[in-house]
Structure formats: C-alpha cells, structure tokens
Amino acid sequence: PDTFEWYRYRLERLAQRYPKLSASKLTCEMVEDWVDEYKLSITSRRNYFRAVKKAMKWARSRGLIAKNRIRNLEVPAATSREAVISPE
C-alpha cells in the first residue's frame, strides 16, 4: 500500500498538469516543465522523475503504449544525508 501511494501521489499530480494528454504523447520536456513547477529538493525531483519513468516503462512493457518517449529522461543523481545520532 505504501508503494502504491508513493507512485499514485506523483502520477496524479502529473495527470492534473496534463489532463487531456495521452501517455504516448508525453515528452521529456513536458516532464521537466512539470517538475520545475514545484520547489523541490534534488531528491524529491529525482523521485518525481523516477515515478514517471517507471510508470511509462511499465506501460510500454504491457503494450499499453507503442513507444516510451521519455525513456532517455535524465534523472538527477541521489544525494546522501548525514545522520548524527546522539548517545542519548
């Protein structure tokens, strides 16, 4: 359920941005413009891109779309966090 919600949240936001667009017409530029509308950290930007790329790859593998036009979309590299745990 958590994984479903993780994808659903991001993909519904994309669908709201392009409500009449079929998935087969989605381009890299459209995805980048959509993500740029939000003030996101690098990690969050990465997650938005990853969600869309994974959904499109899945749709293509199931024959739901003839071509995945965003397969070459560049996803930002992950950033690491440093967590400091106090002795308490």
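Helices (H or I, at least four residues) and strands (E, at least two) are DSSP runs, numbered from the N terminus. The model is a predicted one, in which local features need pLDDT of at least 70 and side-chain atom pairs count only at pLDDT 80 or more, while totals for chains, interfaces and linings use all residues. Residues are numbered from 1 along each chain as its sequence is written, and side-chain values use heavy atoms, with hydrogens and water left out.

**Exercise 1. Two residues of helix 3**

Task: State whether Ala59 and Val52 are buried or exposed, and give a C-alpha distance for Ala59 and for Val52.

Solution. Step 1: begin with the place of each residue, which is helix 3 for Ala59 and also helix 3 for Val52. Step 2: recall the cut-offs, since buried means under 20% relative accessible area, exposed means over 50%, and partly exposed lies in between (1.4 Å probe, protein chains only). Step 3: apply them, so that Ala59, with a relative accessibility of 10%, counts as buried, and Val52, with a value of 1%, counts as buried. Step 4: turn to the distances, where Ala59 and Ala23 are 36 residues apart along the chain and have their C-alpha atoms separated by 8.7 Å, while Val52 and Arg71 are 19 residues apart in sequence and 9.8 Å apart in space, C-alpha to C-alpha.

**Exercise 2. Salt bridges in helix 1**

Task: Find which residues are linked with Arg8 in a network of salt bridges, and describe how far apart the partners lie along helix 1.

Solution. Step 1: fix the term, for a salt bridge is a side-chain nitrogen of Lys or Arg within 4 Å of a carboxyl oxygen of Asp or Glu; a search of the whole structure finds 4 of these. Step 2: take Arg8 and Glu5, whose closest N and O atoms are 2.5 Å apart in a salt bridge, and which both lie in helix 1 (residues 2–17), 3 residues apart, or about one turn of the helix. Step 3: take Arg8 and Glu12, whose side chains meet in a salt bridge at 2.6 Å, N to O; they are separated by about one helical turn because they stand 4 residues apart in helix 1. Step 4: join the two pairs, and Glu5, Arg8 and Glu12 appear as a network of salt bridges. Step 5: check the exposure of each member, which is partly exposed for Arg8 with a relative accessible area of 27%, partly exposed for Glu5 at 36%, and partly exposed for Glu12 at 39%.

**Exercise 3. A further salt bridge**

Task: Identify the salt-bridge partner of Arg45 and state how accessible Asp36 is.

Solution. Step 1: the side chain of Arg45 meets that of Asp36 in a salt bridge, with 2.9 Å from N to O. Step 2: Asp36 has a relative accessible area of 48%, and therefore it counts as partly exposed.

**Exercise 4. The segment after helix 3**

Task: Describe Asn68, Thr79 and Glu74 by place, and compare each value of relative accessibility with the cut-offs.

Solution. Step 1: Asn68 is placed in the segment after helix 3, and its relative accessibility is 9%, so it counts as buried. Step 2: a polar atom of the Asn68 side chain lies 3.1 Å from the backbone nitrogen of Ile70. Step 3: Thr79 lies in the segment after helix 3 and counts as partly exposed because its relative accessibility is 46%; its C-alpha atom is separated by 34 Å from that of Gly63, 16 residues apart along the chain. Step 4: Glu74 has its place in the segment after helix 3, and at 67% relative accessibility Glu74 counts as exposed.

How values were computed
Polar contact = N/O pair within 3.5 Å; in protein donor to acceptor, adjacent residues only side chain to side chain.
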